[in-house]
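Here is a short note for a colleague who is opening this structure for the first time. The points below can be read alongside the model.

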Amino acid sequence: MSDDSAPAPAKARIVVAEDEAIIRLDLVETLAEEGYDVVAETGRGDDALKLVHELSPDLAILDVRMPGLDGIEVAREIVETRAAGVLILTAFGQRELVERAADAGALAYLVKPWQRSDLIPAIEIALARHREVLDLVEENAQLANQLETRKVLDRAKGLLIDSHGLSENDAFRFLQQQAMNTRRSMREVADAVIAGEIAP
């Protein structure tokens with residue numbers, strides 16, 4: 001028996017930028033039929049960039065040749081700010097274009113006329129790769145924060161050792177005890193020691 005109370009998986013939110021209206025309409029209909037949420041569509045590259053920054057979709061599907069801004073330029077700007085994953089959709093399959101798209105950070109590439117059987121896997125690959133990128137960015141930020149915290153703790157311990165004659169173990173225990181007593185993080189206590197606000 002299925003559990004009706006389980007939440008449905010969130011639909012991936014997509015912005016579509018394709019300057020040929022018929023192709024765009026077909027693409028938007030196909031995406032809707034496949035369960036994606038098309039949050040906006042446009043025929044211009046500059047509008048696509050604006051819409052992505054306003055709506056924060058999971059994915060932008062971009063044609064290469066568009067008025068306003070070239071799709072690859074749009075892709076580059078989207079990827080630089082990690083605003084969304086990017087799938088490039090184009091009638092041109094030349095190696096040079098594929099390389100430009102890859103350099104711009106496109107996560108998948110599809111040549112028109114596309115087939116539904118190619119489109120959906122390309123979208124899922126782009127979405128998965130974008131999630132991986134965001135996870136890595138978050139992991140790197142956490143590691144950088146941990147490293148910074150360690151530097152601050154080492155500096156505070158050094159001050160306690162030099163100024164108050166504590167051993168390294170005692171200095172660490174002092175920071176730990178202060179953190180527990182004041183319900184602050186070790187980093188906050190270490191900052192306070194460095195600022196001269198706390199001493200043994």
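**Notes on the sheet and the helices**

1. Thr90 stands opposite Val111 in β5. This position comes from a predicted model. Strand β4, residues 85-90, pairs with β5 in the parallel sense, and the pairing runs over 4 bridges.

2. The wider setting is an open sheet of 5 strands, in the order β2-β1-β3-β4-β5, with parallel pairing. Which strands stand at the edges? They are β2 (37-42) and β5 (108-111); each has a single partner strand, so one side of each is left without a neighbour in the sheet. From one strand to the next, the twist averages 20°.

3. Helix α5 spans residues 116-164 and lies across β1 (13-17), β3 (59-63), β4 and β5. Relative to β5, helix α5 runs at about 165°.

4. A separate point concerns α6 and α7. Two packed helices are described by the angle between their axes and the distance between the axes. For helix α6 (residues 168-182) and helix α7 (residues 186-194), the axes come within 9 Å and cross at roughly 115°. The range counted as roughly perpendicular is 65 to 115 degrees, and α6 and α7 are therefore roughly perpendicular to each other. The crossing of α6 past α7 is right-handed.

5. Which residues of α6 meet α7? From α6 they are Phe172, Phe174, Leu175, Gln176, Gln178, Ala179 and Thr182, and they meet Met186, Val189, Ala190 and Val193 in α7. By class, this contact of α6 with α7 has 8 nonpolar residues, 3 polar residues and no charged residues.

Methods
Residues are numbered from 1 along each chain as its sequence is written. This is a predicted model: local features need pLDDT of at least 70, side-chain atom pairs count only at pLDDT 80 or more; totals for chains, interfaces and linings use all residues. Side-chain values use heavy atoms; hydrogens and water are left out. Axes are lines fitted to C-alpha atoms, for helices over the stretch in contact, and angles run from 0 to 180 degrees between N-to-C directions. Helices (H or I, at least four residues) and strands (E, at least two) are DSSP runs, numbered from the N terminus. Angles under 35 degrees count as roughly parallel, over 145 as roughly antiparallel, 65 to 115 as roughly perpendicular and the rest as oblique. A crossing is left-handed if the near helix is turned anticlockwise from the far one by less than a right angle, and right-handed if clockwise. Contact means heavy atoms within 4.5 Å. Ala, Val, Leu, Ile, Met, Phe, Trp, Tyr, Cys and Pro count as nonpolar, Asp, Glu, Lys and Arg as charged, and the others, Gly among them, as polar. Two strands pair if DSSP finds at least two bridges between them.
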